[in-house]
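Hi everyone, thanks for coming. I'd like to walk you through some side-chain contacts in a structure I've been looking at. Let me put it up on the screen.

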Amino acid sequence: MLYNYLKIALRNLQRNSIYSFINITGLAVGIASSVLIFLWVFNERTYDQFHTNHERLGQIWVHNEFSDNIATYNSVPLPVYEFLKTYDARIKNTSLAYWSYEQLLTVGETKIRQEGQFATPEFLEMFQFPFVKGSAAALNDPSSLIITESLATTLFGDAEAMNKSVLLDNTYELKIGGILKDLPQNSSFQFKFLAPWSIFAQQDWIKSKQDAWDDQSFPIYVELQEGANLAEVNAGIKNIIRDKVPDEKVDVFIHPLKEWHLRSQFQDGKQTGGMNDYVTGFTFIAIFILVIACINFMNLATARSEHRAREVGIRKSIGSRRRELIWQFIGESVLITAVAFVFALVLVELALPLFNNLVGNTLTIQYTSPIMWVLALAFIISTGFFAGSYPALYLSSFNPASVLKGKPNTGRKALAPRKFLVSLQFFFSICLIVSMVVIYKQIEFVKARNTGYNRDGLVMITNNEELDKNYTTLHEKLLASGYVTSVTTSSSPITSIYGNNTLDWPGKPADREILFSRVFIGDNYTTTMGITMAEGRAFSETFKSDTAAMILNQAAVDVMGLENPVGTTVTLWSRKWTVVGVMNDVLMTSPFRNIQPGFFLYGPKGETITLRLSDAHTTAAALQGIEPIFKALNPSFPFEYEFVDQTFQRKFAGINMIGVLASVFAGLAILITCLGLLGLATFTAEQRTKEIGIRKVLGATNLNIVTLISKDFTRLVLFGFVFAAPVTWYGLNYWLEKSYSYRIGIAWWIIPAAGMVAMGLTLLIVAAQALRAAASNPSESLRTE
């Protein structure tokens, strides 16, 4: 029986080759699109889960309450590290691992800068990164360094790396005490080496923070005991900073590892989406695309039911039960889905290199994994069952007596569900088109935002002790070279802010606390960056009093309510500072957020050196011209630099990726919808061939014929549009308000334009098939009458 069903299914595929092609192609593209999306979604949702104890790991975060908002961040006082070890028995362990940043590694003549972290010994006991050689005990040895496999190859080639010497930051002579496997791409930690915390702790500024409960500068990680309840632990540690510093309005909590990647965005103390919104959104897109492809199958199967009606009638008349017919048709659907799945895998393999390049990953299908094939089989069966369920129920319901008399009454019976399914396809398609346009408009809106400085020609170079000592000479030589027009220093690059503080000022309400960004800047900062002053002046070495001077940005003046800010005395760190100028707002952090109130202090020794290249030379020539100057004054370090414009553009990497993905998959969804529409339009034209012939004999024009066939389809597009318009408007407005402080409003024309695109494609496809039918000779179609 099964063999007979298989022969019939294959025969039907061959007999109806055009419709089989449309069905298989639509399903293959839909499945391939869904597989690509699900690969990405799976990678995003399994971040950090390679740690076997990932459910019990987390980081200490704080909610810091201010007058106008609650700020949430992941740096806390250094004493919390030791305090939590004994404070709560439900906390198994704590560790410190300072933020990853680039440091110089030297082996012989090889000098490279790599991302690394300083960590306490507990770090590798808690976070289980697999070792190739050595063990976590290496972090107990202040003379050891742990590196990754790829870094070992870079530094030592094929030679044995263990116990070899490496010079760290031109200061610490260390030996390789362990080699880790390269970290997975879906790891929140991304470092090339780990150095003992005891080395980092030798710095004076860290020694001064040992008992500083009011300084929140350190990342601290925790591991809970098995069975510990996170909510209960959080309730127990909530007030540990308030207890030490009563004036601090700070709530402590553990942010679990499983939420770092997807749910680390907070607003006023509450989680607000983050990457999870995008992952969830694309999960729905994958489902939409698959549903659209399945709807194509349903519509074409029911539309062509006349061709299977006699078969159903004969089978029922010789004793076949409806249940057997249902399973036969569902089996055919699963077979078609299986064929489509094979083609889909080919499409996925062809698309993966481009897709990986787009998402910045190396996603693969694990063909050797039994779980993969179990999931694939379940996917084929469930998709085939879903796609074939309605056609199977519909076809098996035919009355054998009516069918064998030549009166199956098929088309009308399936009309209402088929109309609903087509309208549902257009609903999904219009939603995706609108989403694609809104994301694109939001990206362009933010990219066009005035940053308040001139990015062109700005180059950033990381400062170090050697450069800092020779800074005056460096400054003079760079200007004398003619390749550079201006040089400055700052405590953070123009594209970031590393420090925050509160201020007191005249007239400030006693209960008002505002968090201000803080940047130390050197001479010529505004000139180098191309920043304009709204009031007063910039810092200058000619003013000795600038060591007690402050510059506010315009956002700070607005929030402080100062009418005449220049000359105002403010209090910071129990010292008095005089405002000498007001800087026009500069966009230094997220381009999607409002500019934070901030202040600038005079500090000629900064972590970042920024220089502006001269327009008189090409960028390549200018960099080549200044390289010898840096090598002469900073011989221990390679000459490495970063363009400000490129750093700024990286802020858009995530949303650019989302925008491209949305555009590609929206396009594929529309393509699948159009394939189904082509099949239905072709079948409709064939079904009404005699009617068209009669109408032509009676004088109907081609335009009359096109209008006749098109009106039913245009009505379905309108139904889909009517439901899609309010859903997309509400959903996208909610997403924009939730995700972006600096955002567009959805223009009135976007949703109607999406409807017009859907209508235009529909008319184009249907009109082409209608014209083809109208162009046929009526005598041919009426010959049998």
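Let's start with Arg650, which is partly exposed, as its relative accessible area is 47%. Just so you know what you are looking at, this is a predicted model. Arg650 has a salt-bridge partner, Glu642, and the closest N and O atoms of the two are 2.0 Å apart. Glu642 has a relative accessibility of 28%, so Glu642 counts as partly exposed too. Salt bridges can also share partners, and here that joins Arg56, Lys92 and Glu223 into one network.

How many salt bridges does the count come to? The number is 20. One of them pairs Lys133 with Glu160, where the closest N and O atoms are 2.5 Å apart. Lys133 sits in strand β6, residues 131–134, while Glu160 belongs to the loop between α5 and β8, so this pair ties together parts 27 residues apart in sequence. On accessibility, Lys133 comes out at 34%, which makes Lys133 partly exposed. Glu160, at 39%, is partly exposed as well.

Another salt bridge brings together the side chains of Asp645 and Arg455, with 2.9 Å from N to O. Why does this pair tie together parts that are 190 residues apart in sequence? Because Asp645 lies in helix α22, residues 644–650, and Arg455 lies in the loop between α16 and β15. Are the two partners buried or exposed, or something in between? Asp645 is partly exposed, with a relative accessible area of 28%, whereas Arg455 is buried, at 17%.

Now to the aromatic rings. A search of the whole structure turns up 50 aromatic pairs. Take Trp40 and Phe282: their ring centres are 5.5 Å apart and the planes make an angle of 80°, an edge-to-face pair. Trp40 is in helix α2, which covers residues 17–45, and Phe282 is in helix α10, residues 275–303, so the pair ties together parts that are 242 residues apart in sequence. Both rings are out of the solvent's reach by our criterion: Trp40 counts as buried at 2% relative accessibility, and Phe282 counts as buried at 4%.

For another geometry, look at Phe123 and Phe127. The ring centres are 5.0 Å apart and the planes are at 35°, so this pair is tilted. Phe123 and Phe127 are both buried. They also belong to one aromatic cluster, together with Phe50, Phe129, Phe189, Phe191, Tyr221 and Trp260.

Some rings have a charge over the face. Lys447 lies over the face of Phe652, 5.8 Å from the ring centre. Arg449 lies over the face of Tyr742, and there the distance to the ring centre is 3.9 Å.

While we are on helix α10, that is also the place of Ile287. Together with Phe38 and Phe284, Ile287 forms a nonpolar patch on the surface, and the three have about 270 Å² of accessible area together. Ile287 itself is partly exposed, with a relative accessible area of 39%.

On to the cysteines. How many disulfides does a search of the whole structure find? Zero. Why is there no bond for Cys431? Because the closest cysteine sulfur, in Cys674, is 16 Å from the sulfur of Cys431, too far for a bond. Cys431 is buried, with a relative accessible area of 10%, and Cys674 also counts as buried, at 17% relative accessibility.

Last, a word on the backbone. Most residues other than glycine have a negative phi. Asn524 has a positive phi of about 65° although Asn524 is not a glycine. Where is Asn524 found? In the loop between β18 and α19, and at 32% relative accessibility Asn524 counts as partly exposed. Trp573 is another non-glycine residue with a positive phi, about 55°. Its place is in the loop between β21 and β22, and Trp573 counts as partly exposed at 44% relative accessibility.

That's my tour. Thanks for listening, and I'm happy to go back to any of these on the screen.

Terms used:
Residues are numbered from 1 along each chain as its sequence is written. This is a predicted model: local features need pLDDT of at least 70, side-chain atom pairs count only at pLDDT 80 or more; totals for chains, interfaces and linings use all residues. Side-chain values use heavy atoms; hydrogens and water are left out. Rings of Phe, Tyr and Trp (its six-membered ring) pair if their centres lie within 6.5 Å; planes under 30 degrees apart count as stacked, over 60 as edge-to-face and the rest as tilted. Helices (H or I, at least four residues) and strands (E, at least two) are DSSP runs, numbered from the N terminus. Buried means under 20% relative accessible area, exposed over 50%, partly exposed in between (1.4 Å probe, protein chains only). A charge sits over a ring if NZ of Lys or CZ of Arg is within 6 Å of the ring centre and within 35 degrees of the ring normal. A disulfide is a pair of cysteine sulfur atoms within 2.5 Å. Patches are made of residues with over 30% relative accessible area and no salt bridge: like charges are joined within 9 Å, nonpolar side chains (Val, Leu, Ile, Met, Phe, Trp, Tyr) within 5 Å. Accessible areas come from the Shrake-Rupley method with a 1.4 Å probe; for residues, only the protein chains shown count as cover. A salt bridge is a side-chain nitrogen of Lys or Arg within 4 Å of a carboxyl oxygen of Asp or Glu.
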